[in-house]
Amino acid sequence: MNSDSDLQIAGDILEVPHLLQAPREHPATVAEFVGLARSIAADRSQWEHLVRYDATTRWYHRLRTGPGYEVWLLSWVPGQSSGLHDHGRSSGVLTVLDGTLTERTERGTRVLAAGAQRVFAPGYAHDVVNDALEPAVSLHVYYPGLTEMPMHTSSACEARTEARPVTA
């Protein structure tokens, strides 16, 4: 009996381009949206030159749209916060591109370093804030595109304050 597996014969499948499926033009699954965010994050030439910092409000720029989804680039100077909110009927992927952001939910607090990602379903409430001393940049993918951002009272998030670092 031959003990060689197909992987041993073919080598690393990621190194054999003809065995890989062509990437979809537009993502349709959570995994594909996470992959889209990671690919944009990895290619700084797509977003770095667009970033602006505004001391009075969070800066944001719609980076890309596709069938039913949007990709947003946001910058955060120290102290800026989103306030406790959800994203209506939209699901999302939050990816920290530069700096550090803190996410507060009713379940607790997470420190998100560059490369960290959070995936959330409709109705997920969180407050994102730059508690650090340096600016931060984040990427947000929403499906379907963001049409509302209802604000919530913050008492549930203030009850739990232990910080758990999250990295990529």
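Which residues is Met149 in contact with, leaving aside its neighbours within four places in sequence? Select Met149 and the answer comes up as Arg58, Ser82, His85 and Asp86, where contact means heavy atoms within 4.5 Å.

Before going further, keep in mind that this is a predicted model, in which local features need pLDDT of at least 70 and side-chain atom pairs count only at pLDDT 80 or more, while totals for chains, interfaces and linings use all residues. Residues are numbered from 1 along each chain as its sequence is written, and side-chain values use heavy atoms, with hydrogens and water left out.

**The whole chain**

Show the cartoon, and the secondary structure comes to three helices and nine strands, which follow one another from the N terminus as α-α-β-β-β-β-β-β-β-β-α-β. Helices (H or I, at least four residues) and strands (E, at least two) are DSSP runs, numbered from the N terminus. Of the 168 residues, 37% count as buried; buried means under 20% relative accessible area, exposed over 50%, and partly exposed in between, with a 1.4 Å probe and protein chains only. Among the contacts with a separation of 6 or more, 72% are accounted for by residues 24 or more positions apart.

**Back to Met149**

Met149 is found in the loop between strand 8 and helix 3, and it is partly exposed, with a relative accessible area of 32%. Add Gly123 to the selection, and the two C-alpha atoms, 26 residues apart along the chain, are separated by 9.7 Å.

**The cis bond at Tyr143 and Pro144**

Next, move to the end of strand 8 (136-143), since Pro144 is found in the loop between that strand and helix 3 (155-158), whereas Tyr143 is found in strand 8 itself. The peptide bond from Tyr143 to Pro144 is cis, with omega near -10°. Most peptide bonds are trans.

Tyr143 counts as partly exposed, at 39% relative accessibility. Not counting residues up to four places away in sequence, Tyr143 touches Phe33, Pro67, Gly68, Tyr69, Arg89, Ser90 and Ser91. Two of these names return if you display the rings, for Phe33, Tyr69 and Tyr143 form one aromatic cluster. The rule applied here pairs rings of Phe, Tyr and Trp (its six-membered ring) if their centres lie within 6.5 Å, with planes under 30 degrees apart counted as stacked, over 60 as edge-to-face and the rest as tilted.

**Helix 2**

Phe33 leads on to helix 2, so select residues 30-42. What are the buried residues of helix 2? They are Phe33, Val34, Leu36, Ala37 and Ile40, and seen down the helix axis they fall within an arc of 155°, so they line one face of the helix; the arc is that of the directions from the helix axis to the C-beta atoms. On the other side of helix 2, Ala31, Arg38 and Ala42 are exposed. The cover over the buried residues includes strand 1 (59-66), strand 2 (69-76), strand 3 (91-98), strand 6 (117-120) and strand 8.

**Two buried polar residues**

Select Glu103, found in strand 4 (residues 100-105). Is Glu103 buried or exposed? It is buried, with a relative accessible area of 1%. Its side chain makes a polar contact of 3.0 Å with the side chain of Tyr124 and another, at 2.7 Å, with the side chain of His126. A polar contact is a pair of N or O atoms within 3.5 Å; within protein, one must be able to donate a hydrogen and the other to accept it, and residues adjacent in sequence count only if both atoms are side-chain atoms.

Then select Asn130, placed in the loop between strand 7 (127-129) and strand 8, which is buried, with a relative accessible area of 0%. The side chain of Asn130 reaches the backbone oxygen of Glu134 at 2.9 Å. Leaving aside neighbours within four places in sequence, the residues in contact with Asn130 include Trp76, Thr100, Leu101, Pro135 and Ala136.

**Last stop: Gly99**

Finally, go to Gly99, found in the loop between strand 3 and strand 4 and counted as partly exposed, at 29% relative accessibility. Gly99 touches Leu112, Ala113, Ala114, Pro135 and Ala136, not counting residues up to four places away in sequence. The C-alpha atoms of Gly99 and Val137 are separated by 6.5 Å, although these residues are 38 apart along the chain.

How values were computed: Expected span 1.5 Å × (residues − 1).
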